[in-house]
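Hello,

Here is the structure for you to look through. My notes on it follow below.

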Amino acid sequence: MAIRERDPHTGHMTIGHEWNGITELNRPVPTPVWWFLGAAALFSVVFWVLMPAWPLGDTYTRGLLGVDQRTTVVQKLAEAEQQQAGWRRRIAAADFAEIEADEALMRVVRGAGSALFGDNCSACHGAAGRGGPGYPSLVDDAWLWGGAPESIAETLRVGVNAPHPDTRVSEMPAFGHDQILDREAILQVAAYVRSLAEPVSAAASHSQAVAAGKEIFAANCAACHGDNGQGNSDAGAPNLSDSFWLYGGDPQTVFRTIFYGRKGHMPAWEHRLAELERKILALYIRDLRSWPEGARR
Amino acid sequence: MFGFHYRLERHSIALAVAIILVASVGGAVEIAPLFTIDETVEHAPDMRLYTPLELAGREVYIREGCYACHSQMIRTLRDEVERYGPYSLAAESQYDHPMLWGSKRTGPDLARIGGKYSDEWHFAHLFNPREVVPESVMPAYRWLSRNELSTDDLGRYLAALRKVGVPYSDDMVAHAADDAHGQATPDSARARGVAGRYGEPTNIRAFDGDPGRLTEMDAVIAYLQILGQLTKAAYGSAPDAGE
Amino acid sequence: MVAQLTQFERRLALIIAGLMALCGLVLAAFGHRDPIGVHGLIILAAAIGTMFVVISGSFADVPDDSHLGRYYDDPIKVGVVLAMGWAVFAMAVGDWVAWLLAYPEMTFDAAWSGFGRLRPMHTTGIIFGFGGNALIATSFHVMQRTSRARMPDQLSPWFVLLGYNLFCILAVTGYPMGITQSKEYAEPEWYADIWLVIVWVVYLALYLRTLARRQEPHIYVANWYYLAFILVVAVLHIVNNLAMPIALASAKSFPIFAGVQDAMTQWWYGHNAVAFFLTAGFLGMMYYYLPTRSGRPIFSYRLSIISFWGITFFYMWAGSHHLHYTALPHWVQTLGMTFSAMLLVPSWASAGNALLTLNGAWHKVRDDATLRFMMVAAVFYGLSTFEGSFMAIRPVNSLSHYTDWTVAHVHAGALGWVALITFGAIYALVPILWKRQGMYSSALVEVHFWLALAGTLVYVFAMWNSGLVQGLMWRTYSASGTLAYSFVESLVAMHPYYIARAVGGLLFLSGAVVGCINIWMTARHAPGTAQDAVRDRPLVILASRSLEPGE
Ligand code: HEM
Ligand code: HEM
Ligand SMILES: [Ca+2]
Ligand SMILES: [Ca+2]
Ligand SMILES: [Cu+2]
């Protein structure tokens, strides 16, 4: 069906074929197409000359600029560190009290700490540092391992029950599971423990059990938690006489804690975060406590 | 040119051959040299293999489609290195059949997640992400702790991987199922076998908190805890004790 | 459908179904402790169903030779229906998945319904189920009309169509059971991959055999594209799916490549699945239905040549733009980026060629929603290829990669280009197939058009926004030069956009449902045309075994 026709609308000739009604105009390729193709090719050739581009057997062309993504990022990181050298040096050199007294440095701590905390810590301790069952709140006054900035920084470095050679170690024994105490005794000591935090209500309802529990506590628990349950930050044993609970203060949870024991695990950050970053985090945590409710982004 | 084409388009076989030829160039030039250029994959003499349990966890990761939301590839960009750690090396996934670099980050990159969180956290998070991260949109994977891990095929996994180039030894293949149990049952005789075959630093723990049962949860957590830990090559020369 | 088969074809169909039943039985028996056993049962059921249909249809008379004077359109009808069915299914899953990212609890406490298993159901269902069926169906139509030749036999089109759908079913039922290779757009396991190779070889043979019977000296452009689609997808599919099964009675396999080589192979495949499945095939579709519907000649034959070979050559180099800044060596990234830039030229040449073809028919675009579907599709094609080339520039990709920007780009292409051109083509095709004067209701076509356009715009704008916000938040620095936002903060910022996207998806899905109703009503109730095949040039009758090229 090779009949070349003229398209009445455009005035161009068709190429003279027809497929079930379809025809094609034999019009030259519009020149802009060639320009753009040329421009894109030129751009590419320039790029190939400048950058690593073509494979050659067991090597490749490196490009005149000698650029490689790996050296570039290392350089960018070094530049960034250079730009931050001012405050980096000051935070590294100063001790905690000095930094906390320096509002300008604390602004840096808040800025840098926010994302660091959000990306590394908030998964366990919550976005606002309030913790949750098993994960201590970092904004209350109860500290397992001491609330001094140096202690916090050390906790961050080595972790708790972490696979770090210097890790802090702590374990609440499983008195029930390991058959150190029987059920009855655990119920009694649990009642006593609860009475430490809420003396009024607990004492009123279970005075009998509380008295018995006090004996058991002295024999089994005081070694770690102290005679009056005030805790021991060398062993990471929590204060039981305050109103803060790590795992929970309701009867079931306290019973479970004593029956099955507890062993919290806080990762060590020495090899994941730089010393400076850990220092910033320690300061950031202490600062968090002074933030009004809901002030964190 | 157009005259030539005018003739070419009259022959279907010639057209087909031309298409194949024109289309083959790109792939050949870009893929083949990746096997011949030595520096494509870095040397990592300390690289160890996935244990059978970790491999089983990797299969769970694939099966559940975690890769649809999580990348395992830290790019050579400042913000990624600062957020996730040293950029990923080709060596780190040299035994990954298939690679799980991913193409979408609905959740964070996981290339260096190993050791970042505790087993308990991973358990709680996989069981119900919103329990620990209220903002999370990650699905809850409760069934992982319900399902016993099937270890029947692990020997075949290792054998098949060996055929495609992963250097598992006969001993490893023969003990695959035992090793999977052993790695999640510390203090057992089987656990000692794992350490012998895969090295002392291997994580041997009751990953899901229950040494009595071997679950799919054990496997995924074992896998997550080894991500980024198979070799220290990415950390440069700095020795990295304690992890 | 069996009535159209010759006696020989009926017997052959029975033998093939019998062989498949045997394969299914073997898989079901030896794989009964593995998910592959379920697939064995599905294959067995499909084969027995086929045998049943063939046997019960075998009592019909063998067709006389008069059917050789007509095009063979029965499989096309089925293909169109299947395409629409897959569209509704896969878009519904897509929308479910979209809601899940806003409200993660909107699912069951069951493994099959996890996001990571549903997402590939969406992508496979939509690309292969919807897209693939639409391509197969339209290619059967286009290759016959532009060759002025009936397909060489009646059995192989059915084998291709139904065999292909079996592949899709194996894929989509595999994910909820946990069967996947995890390679994006190539997730089905080794046995499904092998089955697809068989189907594909028959498809290629069918295409070449039909071309060989053609009565036109030249092969029309649409066929170049369909042919490139078939050939290149075959090459890609085979190379990317090379794998070592752990046992013949197990679904599990390990791909033979690892790490960086696997990544490059995967994205060489993945990018060109876009190129030759979602682009070349649909360009073939556009090259037939746009000029026939508008009644205009193609703007420029020479431009078609440039764009066809440009696309075929350049696309194959561009896959590495999915791996910018990764552990893939820098030199490959440079090649991927530069070829992506050059690729824009033939891509826009195609889009331009389509839009300029409409010169002289713009009044039809205004009045005819079917043609408007195709016009808007060409615009979105131009847009998404521009966006793609832009995103392939390394620094741009450093921002867009891993974010919802990629998802926006995907759906600008997928909804705006792939789905719209398909709906346009189907609305043009359905009245022809069922021999109606037109669609049952052109008002409903209009409704579908606006729902689809609105859905696309809402979806794409929502994801552009969220992608940019996400990408920027990840790299925003505070005054002191440290990262300003944590990952979770960026996640929280996505929430409103995820809701908007899900609403947009719902609009798009409703449009497709309207389309289904309209097609159903057209097939059942629309008034017919008096003459048979009035729109087609008369078919030149060939002796049924003739294979001489028609020059
Ligand atoms: C009702 C309409 C649709 C909705 C609601 C929808 C929704 C979605 C969602 C939520 C995702 C996952 C994105 C993520 O992981 O963040 C997705 C991915 C995808 N969809 Fe759709 N979709 C729709 C239509 C389509 C169509 C028509 C196509 C193709 C023809 C398509 C192709 C894809 C592809 C290829 C991906 C994977 C993208 C990637 O990996 O980057 N979708 N879709
Ligand atoms: C000139 C043409 C095109 C170029 C250069 C191009 C380029 C790109 C780039 C750079 C990405 C992002 C890769 C990443 O960062 O992960 C991408 C992703 C994607 N594009 Fe395109 N694109 C083009 C056309 C299209 C068209 C027409 C479609 C049709 C649907 C499409 C579908 C996709 C899909 C599905 C993805 C997601 C892949 C994934 O990560 O799963 N592209 N494209
Ligand atoms: Ca993707
Ligand atoms: Ca596959
Ligand atoms: Cu691409």
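**Ligand 2 and the A–C interface**

I start with the ligand site. Please keep in mind that this is a predicted model. In it, an oxygen atom of ligand 2 sits 3.3 Å from an N or O atom in the side chain of S103(B).

Two residues of chain C make similar approaches. The side chain of E184(C) has an N or O atom 3.0 Å from an oxygen atom of ligand 2, and N397(C) places a polar side-chain atom 2.9 Å from an oxygen atom of the ligand. With S103(B) in one chain and E184(C) in another, the picture fits the location of ligand 2, which lies between chains B and C.

The shell around ligand 2 holds 25 residues, and those that come nearest are E184(C), Y185(C), N397(C), H401(C) and H409(C). Several helices of chain C take part: α8 (259-294), α10 (330-357), α12 (369-391) and α14 (404-433) each supply at least two residues of that shell. By residue class, the shell is made up of 14 polar residues, 10 nonpolar ones and one charged residue.

The second topic is the interface between chain A and chain C. Here 49 residues of chain A are in contact with 56 residues of chain C. The area buried between the two chains is about 4,400 Å², and carbon and sulfur atoms give 63% of that. On the chain A side, W19(A), N20(A) and Q69(A) lose the most area to chain C; together they make up 17% of what that side buries.

How many salt bridges are counted between chain A and chain C? The count is one. The salt bridge joins D7(A) to R296(C), with the closest N and O atoms 2.9 Å apart. Polar contacts across the interface of chain A and chain C come to 22 residue pairs, counting pairs with both residues at pLDDT 80 or more.

As for which parts of chain A are involved, the elements that give two or more residues to the side touching chain C are α1 (31-50), α2 (69-83) and α5 (103-120) of chain A. The largest share comes from α1(A), with 10 residues. The residues on that side of chain A divide into 28 nonpolar, 13 polar and eight charged. D7(A), the partner of R296(C) in the salt bridge, belongs to chain A.

If you want to open the model at two places, I suggest the side chain of N397(C), 2.9 Å from an oxygen atom of ligand 2, and the D7(A)–R296(C) salt bridge.

Regards

Notes: Residues numbered from 1 in each chain as written. Chains lettered and ligands numbered in written order. Predicted model: local features only at pLDDT ≥ 70, side-chain atom pairs only at ≥ 80, totals over all residues. Heavy atoms only, no water. Near = heavy atom within 4 Å. Polar contact = N/O pair within 3.5 Å; in protein donor to acceptor, adjacent residues only side chain to side chain. Helix = DSSP H or I, 4+ residues; strand = E, 2+ residues; numbered from the N terminus. Nonpolar A, V, L, I, M, F, W, Y, C, P; charged D, E, K, R; others polar. Contact = heavy atoms within 4.5 Å. Buried area = accessible area lost by both parts, 1.4 Å probe. Salt bridge = Lys/Arg side-chain N within 4 Å of Asp/Glu carboxyl O.
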